[in-house]
Amino acid sequence: MGERICRCLLAEMEDGRPLYEIIREYLATLPPEALADAPVYAERLEICRACARLRNGTCARCGCYVEERAAKRNQRCPDVPGKW
């Protein structure tokens, strides 16, 4: 049997929590102006949750961890321009 594919974020996966915590620690080292506002971050994550390319906390289009990409102010969705 192959690995189970989960269309969820790292924070929602029991085995993804350690990596999620590392990402959160990294993001905490960035200057506040480099981060998206909390409502923008939440909106981006909701869009990612609904996306068919979300696989085990990563984007199947580019391989990024969506919680990291969504948290950075100047990042964009790699799938569809203007999606977020």
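**View 1. Pro81 sits out in the open at 77% relative accessibility, which makes it exposed.** Exposed here means over 50% relative accessible area, buried means under 20%, and partly exposed is in between (1.4 Å probe, protein chains only). This is a predicted model, where local features need pLDDT of at least 70, side-chain atom pairs count only at pLDDT 80 or more, and totals for chains, interfaces and linings use all residues. Residues are numbered from 1 along each chain as its sequence is written, and side-chain values use heavy atoms, with hydrogens and water left out. Pro81 belongs to the segment after H3; helices (H or I, at least four residues) and strands (E, at least two) are DSSP runs, numbered from the N terminus. From Pro81 to Glu46 the C-alpha distance is 17 Å, with their positions 35 residues apart along the chain.

**View 2. Val80 is also found in the segment after helix H3 (66-71).** Val80 comes out as partly exposed, at 38% relative accessibility. Take the C-alpha atoms of Val80 and Thr29: they are 51 residues apart along the chain and separated by 29 Å.

**View 3. The whole chain gives the setting for the close-ups: three helices and two strands.** Starting at the N terminus, the elements run α-α-β-β-α. The C-alpha trace spans about 45 × 30 × 20 Å along its principal axes. The radius of gyration is 13 Å, which agrees with the value near 12 Å for a compact globule of 84 residues; that radius is taken over C-alpha atoms, and the globule rule is 2.2 Å times the number of residues to the power 0.38. Of the 84 residues, 36% count as buried. Contact means heavy atoms within 4.5 Å, and among contacts with a separation of 6 or more, 64% come from residues 24 or more positions apart.

**View 4. The chain's surface exposes about 5,400 Å², and carbon and sulfur atoms supply 53% of that area.** Accessible areas come from the Shrake-Rupley method with a 1.4 Å probe; for residues, only the protein chains shown count as cover. As for charge, there are 14 positive and 13 negative side chains, and the centres of the two sets lie 7 Å apart. Lys and Arg count as positive and Asp and Glu as negative, while His and the chain ends are not counted. The place of each charge is taken as NZ of Lys, CZ of Arg, CG of Asp or CD of Glu.

**View 5. Cys6 and Cys8 pair up in a disulfide, with their sulfur atoms 1.7 Å apart.** A disulfide is counted when two cysteine sulfur atoms are within 2.5 Å, and a search of the whole structure turns up one. The link of Cys6 and Cys8 is right-handed, with 130 degrees about the S-S bond. Both ends are tucked away: Cys6 is buried at 14% relative accessibility, and Cys8 is buried at 7%.

**View 6. Cys48 and Cys62 each have a closest cysteine sulfur that is too far for a bond.** For Cys48, that sulfur is in Cys77, at 6.3 Å. For Cys62, the closest one is in Cys64, at 3.4 Å. Cys48 is buried, with a relative accessible area of 10%, while Cys62 is partly exposed at 38%.

**View 7. Asn56 has a positive phi, near 50 degrees, in a residue other than glycine.** Most residues other than glycine have a negative phi. Look for Asn56 in the loop between strand S1 (54-55) and strand S2 (58-59). At 15% relative accessibility, Asn56 counts as buried.

**View 8. Tyr20, in helix H1 (residues 17-28), touches residues from other parts of the sequence.** Not counting residues up to four places away in sequence, Tyr20 is in contact with Leu10, Ala11 and Glu67. Tyr20 is buried, at 14% relative accessibility. The C-alpha atoms of Tyr20 and Glu68 are separated by 8.8 Å, though the two residues are 48 residues apart along the chain.

**View 9. Ile47 lies in helix H2 (residues 38-50).** Leaving aside neighbours within four places in sequence, Ile47 is in contact with Lys83 and Trp84. Ile47 is partly exposed, with a relative accessible area of 23%. Asp15 is 22 Å from Ile47, C-alpha to C-alpha, and 32 residues apart from Ile47 in sequence.
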